Amino acid sequence: MVLSKQEICRLLATPAPLIEGFVSLDEQLQPNGFDLSVRDVSVFSSAGAMGASKERTISKVTAIAFDAAGYADLKPGPYLVTFNEVVNLPRDLMAVARTRSSLLRCGVSVPSAVWDAGYHGRSQSLFVVHNPSGFRLAQNARVLQLVFLKLSAIAESGYNGLFQKENL
């Protein structure tokens, strides 16, 4: 079951709100999800690695400054965005994300992973400019819509991986 706007709104008002740190509830709350907005954007500055078990090396990044008008001019290529919002998923909800359609129409995608039940943190996602002319990104721009899915049963244990409590 996908959560409705009304159910998301109800979960925003709980003692451990589903999402904190949003810029504009009126703009970000959607009929079937919640838009995440850009806090920071960075360029990759080192290689990463993924081993067979929990072995991994996360790529280093270098922050890109927003100009006086609050924009960053991005050339074609991959970037890492950090969101403003802190997500607090209870153990009976997971989330998936989709790129906002306006970005797709500009040749930009925001591939992302699953947000597991029990995750708590300020997430990051890949941000890819495919458009050969580049893209101009504003700080606080809404770039990704989280869609919340109710689990058939409460997870016995929530997410407990490397990114739990990230960027807090």
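The following legends describe three close-up views of a predicted model.

**View 1. An open sheet of three strands.** Three strands are arranged in the order 1-9-12 and form an open sheet with antiparallel pairing. Strand 1 (19-20) and strand 12 (120-121) occupy the edges; each has a single partner strand, so one side of each is left without a neighbour in the sheet. Strand 1 and strand 9 (residues 86-88) run antiparallel and are joined by two bridges. Within this pairing, Ile19 has Val87 of strand 9 as its bridge partner. Strands of a sheet pair through backbone hydrogen bonds, in either the parallel or the antiparallel sense.

**View 2. Strand 8 and its pairing with strands 3 and 13.** Of the seven residues of strand 8 (residues 77-83), six are buried, so this strand is largely enclosed by the rest of the structure. Strand 3 (residues 33-44) runs antiparallel to strand 8 and is joined to it by five bridges. In this pairing, Ser42 stands opposite Leu80 of strand 8. Strand 8 also pairs with strand 13 (residues 124-129), in the antiparallel sense and over six bridges. Here Pro78 stands opposite Val128 of strand 13.

**View 3. The aromatic pair of Phe127 and Phe135.** Two aromatic pairs are found in a search of the whole structure. One of them is formed by Phe127 and Phe135, with the ring centres 6.2 Å apart and an angle of 45° between the planes. This pair is classed as tilted because its angle of 45° falls neither under 30 degrees, as for stacked rings, nor over 60, as for edge-to-face rings. Both Phe127 and Phe135 are buried.

How values were computed. Residues numbered from 1 in each chain as written. Predicted model: local features only at pLDDT ≥ 70, side-chain atom pairs only at ≥ 80, totals over all residues. Heavy atoms only, no water. Pairing = 2+ DSSP bridges. Helix = DSSP H or I, 4+ residues; strand = E, 2+ residues; numbered from the N terminus. Buried < 20%, exposed > 50% of the residue type's maximum accessible area, 1.4 Å probe, protein only. Phe/Tyr/Trp six-rings, centres within 6.5 Å; stacked < 30°, edge-to-face > 60°.
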